[in-house]
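Got your viewer open? Let's take a walk through this model, one selection at a time.

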Amino acid sequence: MTDRLQQVFEHKRVSSEQFREVQRKHGLLLAPQNLIADPATREGAIELHKGLHWVNLELSEFLGASQAEQPEELADVLHFLVEFAILAGFDYDVVPVSPDESEDRMQYMLEASKDDGLVFPDYQTNARFTILQALRIAELLKNKPWKQTLKPAPNPEILANLVCGLFYWYGATVRTTGLDAQQLFDEFNRKEGVNYQRIATGV
């Protein structure tokens, strides 16, 4: 069976490109034509900051959602989280497999924090720590549009560790909400269908 997180990344590359085409038509896209933004440029850093903003906005919506609305909100977070990872130049393997390779990456993303004493038993606190992890990444993106000098791109290894940590805290949030990997995967695919309908109809 193909890794479920791999499938999510593959689907998201296609739909993200279509949504980026909509942004291009409206003059809202600053990064180059491809799906990877260069943090060593102002334009790339802005696109990456925008990606993190959407992740945190959806997490905020999740925190205010009813129990019935939570699965859809978590799927929305996953959409923007994967889109950000792709934009930052990462693939599905930024999330590790389980040590014995008995679980696919989506399953391990949820289970990795299960015995971590630093992870909280409630989804609200874990979601807030996911937001904080996103802000740690944002702190690395130094090339702001109002600064006259450019800074080097973040160390790739440090950035990869922080992005992995973002998925880690997100997985903890999903797990403590009560969803399993298949439920999350199914909800992602359902919402992806809605997104394609929005692209087709312009709504």
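Start with glutamate 111: at 24% relative accessibility, this residue counts as partly exposed, because buried would need under 20% and exposed over 50%. Keep in mind as you look that this is a predicted model.

Now add lysine 114 to the selection. Its relative accessibility is 52%, so lysine 114 counts as exposed. Show both side chains and you'll see glutamate 111 and lysine 114 meet in a salt bridge, 3.6 Å from N to O. Why might two such side chains pair up? Side chains of opposite charge can do so when their charged atoms come close.

How many salt bridges does a search of the whole structure find? The count is ten, so there are others to visit.

**Next stop: two salt bridges that involve helix α7**

Select glutamate 192 and lysine 12. These two form a salt bridge, and their closest N and O atoms are 3.7 Å apart. Glutamate 192 sits in helix α7 (residues 181–201) and lysine 12 in helix α1 (residues 4–25), so-called distant parts of the chain, 180 residues apart. Are they buried or exposed? Glutamate 192 has 5% relative accessibility and therefore counts as buried. Lysine 12, at 3%, counts as buried too.

Stay with α7 and pick lysine 191, then aspartate 76. Here the closest N and O atoms of the salt bridge are 2.7 Å apart. Aspartate 76 belongs to helix α3 (residues 70–87) and lysine 191 to helix α7, so this pair ties together parts that are 115 residues apart in sequence. Both aspartate 76 and lysine 191 are buried.

Widen the selection to Glu72, Asp76, Glu187, Arg190 and Lys191: salt bridges link these residues in a network.

**Where α1 meets α3**

Hide the side chains for a moment and look at helices α1 and α3. Their axes come within 10 Å and cross at roughly 85 degrees, which means α1 is roughly perpendicular to α3. Bring the side chains back: on α1, the residues that touch α3 are Val8, Phe9, Lys12, Arg13, Ser16 and Arg20. They meet Leu78, His79, Val82, Glu83, Ala85, Ile86 and Leu87 of α3. Lysine 12, from the salt bridge with glutamate 192, is one of the residues in this contact. Colour the contact of α1 with α3 by class and you get seven nonpolar, two polar and four charged residues.

**On to α5 and its neighbours**

Select helix α5 (residues 123–140) and helix α6 (residues 156–177). They pack at an angle of about 165 degrees with axes 8 Å apart, so α5 and α6 are roughly antiparallel to each other. Their crossing is left-handed. Among the α5 residues in the contact are Tyr123, Phe129 and Ile137, and the α6 side includes Leu162, Trp169 and Tyr170. By class, this contact of α5 with α6 has 14 nonpolar, seven polar and one charged residues.

Leave α5 on screen and swap α6 for helix α2 (residues 42–63). The angle between α2 and α5 is about 170 degrees, and their axes are 10 Å apart; this pair, therefore, is also roughly antiparallel. On the α2 side, look for His49, Leu52, Asn56, Leu59, Ser60, Phe62 and Leu63. They meet α5 residues including Tyr123, Ala127, Ile131 and Ala138. The residues in the contact of α2 with α5 divide into eleven nonpolar, five polar and one charged.

One last thing to click: Tyr123 of α5, which takes part in the contact with α6 and also in the contact with α2.

Definitions and conventions: Residues numbered from 1 in each chain as written. Predicted model: local features only at pLDDT ≥ 70, side-chain atom pairs only at ≥ 80, totals over all residues. Heavy atoms only, no water. Axes fitted to C-alpha atoms, helices over the stretch in contact; angles between N-to-C directions. Helix = DSSP H or I, 4+ residues; strand = E, 2+ residues; numbered from the N terminus. Parallel < 35°, antiparallel > 145°, perpendicular 65-115°, else oblique. Left-handed = near helix turned anticlockwise from the far one by under 90°. Contact = heavy atoms within 4.5 Å. Nonpolar A, V, L, I, M, F, W, Y, C, P; charged D, E, K, R; others polar. Salt bridge = Lys/Arg side-chain N within 4 Å of Asp/Glu carboxyl O. Buried < 20%, exposed > 50% of the residue type's maximum accessible area, 1.4 Å probe, protein only.
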